[in-house]
Protein chains: 2
Amino acid sequence: MTDPSRLPSWRRGGARTAILDFVARVTAPDTPDFVPAADRVAVFDNDGTLWCERPTYPQALFLLEGLAAAAAADRDLAERPVVRALLAGDLDAARGAGLSPMLDVLLGIHAGLTAEEFTASARQWFERARHPRFGGPFGGMGYRPMGELLDLLRASDFRVFVVTGGGVEFVRAVSDDLYGVPPDDVVGSAVELELERRDGRVVLVRRATLLGNANEGPPKPLAIQAHIGVRPILGAGNSAGDREMLEYVSSGPLPSLALVVEHDDQVREYAYAGSSFTDPDAEPIRETADRLGWTIVSMRDDWGRVFGPGIP
Amino acid sequence: MTDPSRLPSWRRGGARTAILDFVARVTAPDTPDFVPAADRVAVFDNDGTLWCERPTYPQALFLLEGLAAAAAADRDLAERPVVRALLAGDLDAARGAGLSPMLDVLLGIHAGLTAEEFTASARQWFERARHPRFGGPFGGMGYRPMGELLDLLRASDFRVFVVTGGGVEFVRAVSDDLYGVPPDDVVGSAVELELERRDGRVVLVRRATLLGNANEGPPKPLAIQAHIGVRPILGAGNSAGDREMLEYVSSGPLPSLALVVEHDDQVREYAYAGSSFTDPDAEPIRETADRLGWTIVSMRDDWGRVFGPGIP
């Protein structure tokens, strides 16, 4: 598993060495750090860890496009202050009244759609939309080095999960194409669904209400246990919203590796400190990582390439 | 996939033919009924479908053993009417005051344990406990023909999930050993967990509260969507609590197969109509199955053997 031809988009040394050493250690039979395949579980945050989240979350662009269409057809909706702020791109103003009114509006856009209709709508958007700076389709905005890491882990008998603060059905719509992760291995924020019978068919209809908590911060390890049922031994994140997940990963009884992607590459991507969507005042993840000895993945220094073909 | 050496514990004809025909149809490329591997999802109820649920649910035996130990150490607990009824085996009396007081007591037994401690406790019970009639360990109380069906489906590129009304962490403790189903492919009823830091370690601690609804009836398809995100094309159940799941499976746009295990073998197992745990008055599943054209699996007629080695 330490074949140096692996992880070709990673520069030698640094994070790449830490990853290859870890994988070699936990897969070497009859050594103290060997981890049976059943416990080889890896979890990856999505926004800013597996794909580009700037200038804003892809899902926000998807929702704003839907909101603009809805507002064009509904004057009352268009005149609500939170809608005006959202459509003007003023996220701070939109959040001014708290997260709930904003979420109500955003979740309302697809309320009434069946789960299958929503998936089709998200897939159409992914085919159509282009990144405002890089010009490529969002299907190409996944980080190539992270895709290679997922492949390496699967080849080493890891089960790989995406654990996103984003909407689970949005990410599932493309997770297999983008990451080779089937929908059932995506954990995320979810809306309530309602079972209806339409013409004798059972359909599941979206409601405008979040199911439980948004999957950021402390909810992440809880969602991991609810969905996976095994404490992961490898985790990767990029923001304060991933702190508890990485603490959970790195405080178990088995060897573990916690990775923090640092956005320090203004030229090829963006330079910013990843903050938590639900708790903007949380400690920067870089400080937590330094204190707890997690492995920093510098986009600038550790990655030879950032994106896939077609994007520099 | 129609190799007749498959499903050796199934008698020829009947349900076996329906299963082999279905698998052959959906896996034959370039035919109208071909289903891509991404959509080959199969869901199985557990109690009474994959393992024996009589004279009572294995989990009930596990909980009652724990309750007896707790009651021996706590006189106040022992004297509560619901506890006395439970320990006397009088389920009707225990449910007399509704499901909630009974669940509070049963969920209270393991409250305060970490997820990992609970799993260890369940595994120890599975090693120790013996079925009251058959005398074998519960690890041998899985239905051999269903195990063969799971294998056939996996060999045909199906992803196989257990969707149980039972406690998800209880079933996960043995799902891999019993069924070859890893913990992350088990969906079930769950308790709330709380994130705690103990000596710098993050642990997830069980609370005595059900998280959401028990996974029976209409919640089953909702849980399937929440966890899997794909409408299954094959489902198996045995009780009225599986009705909505099987309706969901059988009312999608793709070819589908809904199986209902009928307990009609008093000699080798039990003869009873599977009822819903949460709605005892629901229509018997056999009537629903006949009306909707689902496939009945008769234990007496369709299965050459019922259990694995060591049990007749």
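His227(B) is the residue of chain B that comes closest to the rotation axis, with its C-alpha at 3.4 Å. This is a predicted model, in which local features need pLDDT of at least 70, side-chain atom pairs count only at pLDDT 80 or more, and totals for chains, interfaces and linings use all residues. Residues are numbered from 1 along each chain as its sequence is written, chains are lettered from A in the order in which they are written, and side-chain values use heavy atoms, leaving out hydrogens and water.

What about that axis? A turn of 180° and a shift of 0.0 Å along the axis lay chain B on chain A with an RMSD of 0.0 Å (least squares on the C-alpha atoms of residues with pLDDT of at least 70 in both). The two copies are thus related as by a two-fold rotation axis. They also meet through the same surface, because 100% of the interface residues of chain B are interface residues in chain A too; contact here means heavy atoms within 4.5 Å.

Now for strand E1(B), residues 41–44. Strands are DSSP runs (E, at least two residues) and helices are too (H or I, at least four), numbered from the N terminus. Two strands pair if DSSP finds at least two bridges between them, and E1(B) has these partners:

| Partner strand | Sense and bridges | Opposite Val43(B) |
|---|---|---|
| E2(B), residues 159–167 | parallel, 4 bridges | Phe161(B) |
| E6(B), residues 234–237 | parallel, 3 bridges | Gly235(B) |

Both faces of E1(B) are covered: Val41(B) and Val43(B) are buried on one side, Ala42(B) and Phe44(B) on the other. Buried means under 20% relative accessible area (1.4 Å probe, protein chains only).

Helix H6(B), residues 99–108, has its own buried set: Met102(B), Val105(B), Leu106(B) and Leu107(B). Their cover includes helices H2(B), H4(B) and H5(B) along with strands E4(B) and E5(B).

Technical notes. Buried means under 20% relative accessible area, exposed over 50%, partly exposed in between (1.4 Å probe, protein chains only).
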